[in-house]
Amino acid sequence: MAAEALKNNDGSVQDEWGQICNQLKMEFGETAFDSWLKPLSVGNYENGVMNICVPTAFMKNWVITHYSDRIHKIWERKNPNIRQINFIVRATNADSSLLKKISSTPTPQNIYMPEMSFASNYNGYDTHDGFMQLSAPLNPNYTFDSFMVGKTNEFAYAAARKVAESRSVSFNPLFLYSGVGLGKTHLMHAIAWHIKQQDPKRHVIYLSAEQFLFKFVKALRYKDTAAFKEQFRAVDVLMVDDVQFMSNKESTQEEFFYTFNSLIEEGRQIIISADKSPTDLEGIETRLKSRLGGGLVADIHPTDFDLRMSILKYKAKQMGIELPEKVAEFLAEKVTSNIRELEGSLKRVVAHSQLLSKNEITLDMTQDILKDMLRSIDRKTTIDEIQKKVAEYFNISVKELQSSRRARTVARPRQIAMYLAKQLTSRSLPEIGRKFDRDHTTVMHAVRKVEGLIGEDVSLAESVNALRRTLEN
Ligand code: ADP
Ligand code: MG
């Protein structure tokens, strides 16, 4: 199938799809992308008609209503020969190889695949087999015992413990927020485990906002919203992870708002997480935001050195390896972005040493193994740098770039700088906006504008590419 699907595709269509995916990821965010768009693959392309393979019929409908217009627009701009895009239901390469792997493994039910994205589990969802279990599986490793506490997360930890331990509702909702990889999901699972252990009869539901949305949409599809609501009604503790995913999805927000209100009124505990504080959430209705912020809001700050050290030591012990102090210090100093990356770098070092049957982990070896990763950390582009380079390139001053002047000679470079800041840094739209003394909608507009112009204006596209190359080196 794979070979047939690719037969008529020259590399360029594949390349274009890759670029389109990058763009979609940027526009819709990683979570949405991983769930709905990553499972798609390019099929036949003939006479201007492009076929895109989708693993299931349900996903096909979803992609058509939510993403097809955008995919079409971006693709048309890249390749005017494309007249039509069809979505066809077919297992993608990744799916079929996964299925093969599973069917050739004697005890598939024993395979724990935590990395598998939600969307890869779609097979089977299309047959209506009564209503599915509402809660998502909990990771057995995410408990309070395995959660290291430091200055940056002690408040969130204390709040989570309090909710887990008390029978009565003390603050509702508990709203946890932080950047990625800092322990929100870990804390939520820890609360769920704790409650299940203390009082197995209490009904706890944990799910991501994306799963909430997916299940709600499925209920709509089967005209089964009453059953959907009924299940929530029976819950004692409801946890919804990553609610920023509901941004700009009005009908889901509405449904969530009602579920939320009725549970709160009945004195059930709700725990929410997001990547921003309730007030900073974009694309969420004001009334929902104020409801979300109406209980206790606890944020987890970026880690400090001490916490990173204690996490490294704990994880090394768990893995049963000897981690020299110097190596731990080196990692704790260098890998500061988040805990997921810190863990990842430790795992890499351990895997290498075991693979090469080295008996001990040394500093030299660690530096060597993490060379690429550290280089990219050292090279991280900043918004200041982008402003400086863009200003230089267009022969204006950084002050002018940040000013309110609207003359085209200044406004266009400013938009390009905003666009590059969005593409090359992990800063959010409001953060970028602040650097230019603008709000996030201006940045969003600039990003869209430049994106559009890149397809139309060759000299502008060249400028953007030249700047990008300079900044990436
Ligand atoms: P988030 O949900 O905020 O993106 P996660 O909860 O998924 O972050 O955490 C990312 C990884 O870091 C997980 O493997 C988690 O176990 C680990 N982690 C996060 N905080 C801690 C902590 N305080 N102690 C130990 N491990 C942690
Ligand atoms: Mg999480």
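Where does Asp 242 sit? Its place is the loop between strand E6 (237-241) and helix H11 (250-265). We'll come back to that loop below, once the rest of the fold is laid out. One thing to keep in mind from the start: this is a predicted model.

## The overall picture

Let's start with the whole chain. The protein has 473 residues, and 47% of them are buried. Its secondary structure comes to 23 helices and eight strands. Counting contacts between residues at least 6 apart in sequence, 75% join residues at least 24 apart.

On the outside, the accessible surface adds up to about 24,200 Å². Carbon and sulfur atoms account for 49% of that surface.

## The three-stranded sheet

E1, E2 and E3 make an open sheet in the order E1-E2-E3, with mixed pairing. At its edges are strand E1 (41-46) and strand E3 (84-89), and each of these pairs on one side only. Ignoring direction, neighbouring strands here are turned by 25 degrees against each other on average. Helix H5 (residues 68-78) packs on this sheet and touches E1, E2 and E3. The direction of H5 makes about 135 degrees with that of E3.

Now for the pairing itself. E1 and strand E2 (residues 49-54) run antiparallel and share four bridges. Val 42 has Ile 52 in E2 as its bridge partner, and Glu 46 stands opposite Val 49 in E2. The two strands form a hairpin with two residues between them. Asn 47, in that turn, has a positive phi of about 45 degrees. On the other side, E2 runs parallel to E3, and six bridges join the two. One of the matched pairs there is Met 50 with Ile 85 in E3.

## A closer look at E2

How many of the six residues of E2 are buried? The count is six of six, so to speak a strand that is mostly covered. Val 49, Asn 51 and Cys 53 point one way from E2, while Met 50, Ile 52 and Val 54 point the other way. The residues on both faces are buried.

## The five-stranded sheet

The other sheet is open too, with five strands in the order E5-E6-E7-E4-E8 and parallel pairing. Strand E5 (204-208) and strand E8 (296-299) stand at the edges. Each has a single partner strand, so one side of each is left without a neighbour in the sheet. The average turn between neighbouring strands of this sheet is 15 degrees, direction ignored.

Further in, E4 and strand E7 (residues 269-274) run parallel and are joined by four bridges. Leu 176 has Ser 273 in E7 as its bridge partner. Helix H11 lies across E6 and E7, at about 140 degrees to E7.

## Two helices packed together

Helix H18 (residues 383-393) packs with helix H20 (residues 408-424) at an angle of about 145 degrees. Their axes are 9 Å apart, and H18 passes H20 in a right-handed crossing. H18 brings Ile 383, Ile 386 and Val 390 to the contact. From H20 come Pro 413, Ala 417, Leu 420, Ala 421 and Leu 424.

What kinds of residues make up this contact of H18 with H20? They divide into eight nonpolar, no polar and no charged.

## Backbone oddities in the loops

Most residues other than glycine have a negative phi, and most peptide bonds are trans. A few spots in this model go the other way. Asn 172 and Pro 173 are joined by a cis peptide bond, with omega about -5 degrees. Pro 173 is in the loop between helix H7 (154-165) and strand E4 (174-177).

Back to Asp 242: phi of this residue is near 60 degrees, a positive value in a residue other than glycine. Is Asp 242 buried, partly exposed or exposed? Its relative accessibility is 22%, so Asp 242 counts as partly exposed.

Asp 437 also isn't a glycine, yet its phi is positive at about 60 degrees. Asp 437 lies in the loop between helix H21 (429-435) and helix H22 (440-456). With 65% relative accessibility, Asp 437 counts as exposed.

Key: Residues numbered from 1 in each chain as written. Chains lettered and ligands numbered in written order. Predicted model: local features only at pLDDT ≥ 70, side-chain atom pairs only at ≥ 80, totals over all residues. Heavy atoms only, no water. Buried < 20%, exposed > 50% of the residue type's maximum accessible area, 1.4 Å probe, protein only. Contact = heavy atoms within 4.5 Å. Areas by Shrake-Rupley, 256 points an atom, 1.4 Å probe, with all protein chains shown as cover. Pairing = 2+ DSSP bridges. Axes fitted to C-alpha atoms, helices over the stretch in contact; angles between N-to-C directions. Left-handed = near helix turned anticlockwise from the far one by under 90°. Nonpolar A, V, L, I, M, F, W, Y, C, P; charged D, E, K, R; others polar.
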